[in-house]
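Me: I have a new structure open and would like to learn how to read it. Could you walk me through some features?

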Amino acid sequence: MWNLIRIAVTRTAVGTWLGKIPFVRRAYDQYYWSRKMNAFSGVYQTYESAAAACEMDHHRVGWNDADLAQNLVTDDVPRRRSLGDAGEFKAADKPVFVGQTSTFAVLLWLSKLVKPGCRIVDVGGAGGIVYWQYRDYFKLPDGATWTVVDMPETVARGRAAAERAGTTELTFETDLAAIKACDILISSGCIQYMPPEGFAKFCKLSELAYAVIINKIALVDRPNYWSRQSFVSTSSPYLFANGRQFIQSFTDSGLKLKDCWHVPEITRDIAFAPRHRLSQTTGVVFVR
């Protein structure tokens with residue numbers, strides 16, 4: 001029943017009509033949106049208005065949440081796959097799981113861009129998931145380092161896992177402003193959750209980099225707008241960015257758009273706004 005209701009309010013004109021009835025919206029947000037992981041509801045013109053609506057229903061806003069951190073960073077130490085004597089993967093090995101095919105575009109570009117001694121900054125990298133996925137296929141060259149910037153709850157779990165794995169290449173930071181050097185800047189599904197001032201800091205950091213890789217960003221051909229995404233224990237505003245304006249945020253500093261790809265595995269259905277539905281998100285690479 002709830003699945004039928006979800007489809008009605010997110011993908012049909014009925015949803016637009018129902019969204020005009022206050023008690024319907026309220027009931028949906030209270031009994032479905034706030035209890036369903038990754039559910040979206042509402043369209044807002046500013047980050048602040050979306051954040052206020054999140055707080056009204058969840059009383060918590062943002063990613064610094066212990067339950068969310070536990071979902072993102074498990075206690076298991078990621079393991080690299082290795083080759084046997086015959087050049088085949090050992091059956092007992094457990095490769096790091098790549099659950100989204102767009103990750104391979106990120107790994108491909110990293111394999112081309114990473115140089116000895118380069119400093120990789122991974123914003124919103126959780127426990128270093130892209131690092132471990134990269135390590136599953138490639139070796140970081142001599143002197144290269146990988147720094148994940150994320151929320152304190154997530155960083156604490158990621159740092160503990162890295163210590164258990166005995167890696168010294170992977171480090172963690174909780175303050176983006178503390179990063180003073182960057183050669184390759186990565187964001188895999190993070191910057192759409194940033195407040196405008198956070199995105200401004202990200203763009204400022206990109207001015208230091210010779211390459212920027214951004215995956216899973218929702219780009220649209222209309223002015224910026226926000227929705228709100230539920231994580232059950234907390235929630236967050238979510239940016240749908242005007243594509244031309246978003247790209248210009250990076251090309252203004254001398255970066256050039258080198259590549260882009262579709263991310264069909266990530267769609268966005270917004271309750272009561274079927275005309276704002278996205279059938280895919282986007283990945284981009286900028287180089288200097």
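Reply: We will go through the sheet, its strands, a few salt bridges and one buried residue. Keep in mind that this is a predicted model.

Me: Let's begin with the sheet. In what order do the strands of the open sheet lie?

Reply: Read across the sheet rather than along the chain. Here 7 strands make an open sheet with the order 4-3-2-5-6-12-10, and their pairing is mixed. At the edges are strand 4 and strand 10 (256–263), each of which pairs on one side only. On average, neighbouring strands of this sheet are turned by 15° against each other, ignoring direction.

Me: How should I think about the side chains along a strand?

Reply: In a regular strand, side chains alternate between the two faces of the sheet. A good strand to look at here is strand 6 (residues 211–217), where 7 of 7 residues are buried.

Me: Which strands pair with strand 6, and in which sense, parallel or antiparallel?

Reply: Strand 5 pairs with strand 6 in the parallel sense, over 5 bridges. To find this pairing on screen, look for I184, whose bridge partner in strand 6 is A211, and for S187, which stands opposite I214. Strand 12 (residues 281–287) is also joined to strand 6 by 5 bridges, but these two run antiparallel. There, I213 stands opposite V285 of strand 12.

Me: What do strand 5, helix 9 and strand 6 make together?

Reply: They make a right-handed β-α-β unit, with helix 9 spanning residues 196–206. Helix 9 packs on the sheet and touches strand 2, strand 5 and strand 6. The direction of helix 9 makes about 145° with that of strand 5.

Me: Now the salt bridges. What is the general idea?

Reply: Side chains of opposite charge can pair when their charged atoms come close. In this model the count comes to 7 salt bridges. One of them joins D65 and R60, with the closest N and O atoms 2.7 Å apart.

Me: Are the two partners, D65 and R60, buried or exposed?

Reply: They fall into separate classes. D65 counts as buried because its relative accessibility is 2%, under the 20% cut-off. R60, at a relative accessible area of 40%, is partly exposed.

Me: Which parts of the chain does the pair of D183 and R119 link?

Reply: The side chains of D183 and R119 meet in a salt bridge at 3.0 Å, N to O. This pair links distant parts of the chain: D183 sits in the loop between strand 4 (170–173) and strand 5 (184–188), while R119 belongs to strand 2 (residues 119–123), 64 residues apart. D183 is buried at 12%, and R119 is partly exposed at 39%.

Me: And where are E169 and R135?

Reply: E169 and R135 form a salt bridge at 3.2 Å, N to O. E169 lies in the loop between helix 8 (152–165) and strand 4, and R135 lies in helix 7 (residues 129–135), 34 residues apart. E169 is buried, with a relative accessible area of 19%, and R135 counts as buried at 16%. Elsewhere, R11, D269 and R277 are linked in a network of salt bridges.

Me: To finish, what does Q229 touch?

Reply: Find Q229 in strand 8 (residues 225–230); Q229 is buried, at 2% relative accessibility. The side chains of Q229 and Y193 are joined by a polar contact of 2.6 Å. Beyond four places in sequence, the residues in contact with Q229 include W33, F40, S235 and Y238.

Technical notes. Residues are numbered from 1 along each chain as its sequence is written. This is a predicted model: local features need pLDDT of at least 70, side-chain atom pairs count only at pLDDT 80 or more; totals for chains, interfaces and linings use all residues. Side-chain values use heavy atoms; hydrogens and water are left out. A salt bridge is a side-chain nitrogen of Lys or Arg within 4 Å of a carboxyl oxygen of Asp or Glu. Buried means under 20% relative accessible area, exposed over 50%, partly exposed in between (1.4 Å probe, protein chains only). Helices (H or I, at least four residues) and strands (E, at least two) are DSSP runs, numbered from the N terminus. Two strands pair if DSSP finds at least two bridges between them. A crossover is right-handed if, with the strands pointing away from the viewer, the path from the first strand over the helix to the second runs clockwise. A polar contact is a pair of N or O atoms within 3.5 Å; within protein, one must be able to donate a hydrogen and the other to accept it, and residues adjacent in sequence count only if both atoms are side-chain atoms. Contact means heavy atoms within 4.5 Å. Axes are lines fitted to C-alpha atoms, for helices over the stretch in contact, and angles run from 0 to 180 degrees between N-to-C directions.
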